[in-house]
Amino acid sequence: MSVDTTKWKFSELKFARPDLRVYQDVFDDAIKRVEEATSGDDVLQVILELDTLTSKADDLVRFVFIKGTLDTQDPFYKEQQHWFDENMIYYDQAVLKFGEAVYNSQFRDYIEEKLGPAYFIGSDIQKKTFCNDAIPLYQRESELASEYQDIMASAQGELMGEAKSISQLKVLFGHNDREVRKAAYAAFSEAIKKNEPKLEEIWGELLDIRNQIARKLGYDNFIPIGYLQNKHLYYTPEDIEVFRKQVVEEVVPLCEKMFEAQRKRLGVDEIMAYDEKAVFPGGNARRIGDDEYMIEKARNMYHSISQETGEFIDYMLDHELFEYEDRPGKATLGYGTILLGKKAPFVFSRFDGTIADFQVVAGDLGEAFTRYTASRAQPIKEYYDASSEIMEIYALSMCLFAYDYAEDFFGDDADKYRFYNLQELITLIPIGCAVDEFQHICYANPSLTPKERTLEWRKLEEKYLPWRKYDEDDFLDRGGYWYNVPHIFLYPFYYIDYSLARVHALEMKKKYDSHPEVTWQEYMDLIKQGGRLGYSQVVEKANLTPLFQEGAVAKAISYAKEMVEEYLEKDFK
């Protein structure tokens, strides 16, 4: 990919398949230079040079992924993705060998002093999660992940005689006409159910493959690998059990209270699954204006927050790095990444005309801002991203900070938006715990049949989502909803990050409301550190509550409870 470095646009970037043999030679030379180095500065120079060179290869992989999600049916990028699925594993081998050479260098202490101890965490994780014997398994895992994405992107349900994608149906879940949202939910269920046999097959094979990889690496099952891949280094499955228990005790009752208030507000006998997104009887908050209006207001908001955020939003929009249009064939995912060589964050989403559009503007772009900032403050690409739960804390905190600008996007509906977002944020905490426990169950019990696994999901819904009722939908009532959670298939053990981060972000909101200028500066200082800081260090430096001890969750969400009580006293129409 090569265009002018200052005036380029994403749509102008061109792809050329890399010659991985060249990179093999580059890595061999770099390893030799590290082994023959006579000073720490010599090793550091090799690291920095290789960081620049490998950014190009990494960016080609990311570029293909982005283009493939922009149009899941594009034959050219499907072919390129398949090629990368098969061949990048050999590139990853070379990366691992170089990491080992630096790790074993006599100048390791010097490198740790210059780049920080986090530099070697990546090498250590690679050594613990990769082995040559598992290469065919890694390749098949990638193929299955791509197959899942294709199925979900093309899945359709019929609504009023018209075929609609899953993303189009989800837009209607918050419709103020109950019959419309009920029909949309039924079509959503139909779209997944039609693909259930194939989804069962994909999930069963993924479980088997990932557990095979784990055994080759000396583990009983994939769970430790999932923790390592997500850099969950500062807590254990036992710690997460303590956290999930507190969520059941503290957050689930709060969710039930909000849904009971919603039931009364809507005037229905019971809240059904298709009612959960319909928070107000007169309809949810309605955004003002079209997509271009949203973009204009987003630019204004980020310019108002700070000079740094103003520069960021201009960069994102001028270089076409914010993908928000809806179109056929576009993947149902939402994600953020970064083109490393250009230090260019990319946000993939789709505006659907609902409240979610502002959540993308505030949260997803907020996460991109952390990558933008870290990539300009840190010397190597490994630090452009923090671990996933940290990135979620930063993104969700920005989303909550942006409450001050809700009037610009929703006018008189601003309070409706704020309460809707707060309720959605809180209710996803137990949902994230259900997804996490489900994955623990599946990987620890591979002998479960597909229907037994699905039943386990339904039991977890009863535990973490006791308010959820499916109104005689047999497929969902026996547990079929989980097929709709892409993270289970694509990003194992990531979902708990959403739950942890939401609790921490709610506490950050308290700090921001009390001391906005001080909290913003602390926020900026944190995001500049990028991947240099681990989860526990961020919690400590931000003065947030550690969540793996009894009573911690209750303390962390105390301010959120106060916010909920204030909103419940309002007379929303």
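Colleague: Which helices do the buried residues of H5 pack against?
Modeller: They pack against helix H2 (40-70), helix H3 (75-103), helix H4 (108-115), helix H6 (135-154) and helix H10 (223-229). Contact means heavy atoms within 4.5 Å. Helices (H or I, at least four residues) and strands (E, at least two) are DSSP runs, numbered from the N terminus. This is a predicted model, where local features need pLDDT of at least 70, side-chain atom pairs count only at pLDDT 80 or more, and totals for chains, interfaces and linings use all residues. Residues are numbered from 1 along each chain as its sequence is written, and side-chain values use heavy atoms, with hydrogens and water left out.

Colleague: Which residues of H5 are buried?
Modeller: Ala118, Tyr119, Phe120, Ser123, Ile125 and Thr129. Buried means under 20% relative accessible area, exposed over 50%, and partly exposed in between (1.4 Å probe, protein chains only).

Colleague: And how many residues does H5 have?
Modeller: Twelve, residues 118-129. From first C-alpha to last, H5 reaches 17 Å, close to the 16 Å expected at 1.5 Å a residue. That expected span is 1.5 Å times one less than the number of residues.

Colleague: Back to Tyr119. Which residues have the most contacts inside the largest nonpolar core?
Modeller: Tyr119 is one of them, along with Phe98, Phe358, Val361, Ile426 and Phe489, in a core of 209 residues. Helix H17 (residues 414-444) gives the largest share of this core, 16 residues. A nonpolar core is a set of buried Ala, Val, Leu, Ile, Met, Phe, Trp, Tyr and Cys residues joined through side-chain atoms within 4.5 Å.

Colleague: What is Phe489 in contact with?
Modeller: Leaving aside neighbours within four places in sequence, Phe489 is in contact with Tyr148, Leu199, Ile202, Trp203, Leu206, Arg210, Trp482 and Tyr483.

Colleague: New topic, strands. How many residues of S5 are buried?
Modeller: Five of its five, residues 344-348, so strand S5 counts as buried throughout under the 20% limit. Ala344, Phe346 and Phe348 point one way from S5, while Pro345 and Val347 point the other way.

Colleague: Which way does S4 pair with S5, parallel or antiparallel?
Modeller: Strand S4 (residues 335-339) pairs with S5 in the antiparallel sense, over five bridges. Strand S3 (residues 322-323) runs parallel to S5 and is joined to S5 by two bridges. Two strands pair if DSSP finds at least two bridges between them.

Colleague: What stands opposite Val347?
Modeller: Phe322 stands opposite Val347, and so does Gly336.

Colleague: What about the hairpin of S4 and S5?
Modeller: The hairpin has four residues between the strands, and Lys343 takes a positive phi near 55°.

Colleague: How many disulfides does the structure hold?
Modeller: Zero. A disulfide here is a pair of cysteine sulfur atoms within 2.5 Å.

Colleague: Why no bond for Cys399?
Modeller: Because the closest cysteine sulfur, in Cys255, is 17 Å from the sulfur of Cys399, too far for a bond. Cys399 is buried, at a relative accessible area of 5%.

Colleague: Where is Ser397 found, and what does Ser397 touch?
Modeller: Ser397 is in helix H15 (residues 388-401). Not counting residues up to four places away in sequence, Ser397 touches Ala505, Met508 and Tyr523. Ser397 counts as buried because its relative accessibility is 0%.

Colleague: Last one. Is Thr38 buried or exposed?
Modeller: Exposed, at 67% relative accessibility. Thr38 is found in the loop between helix H1 (20-36) and H2.
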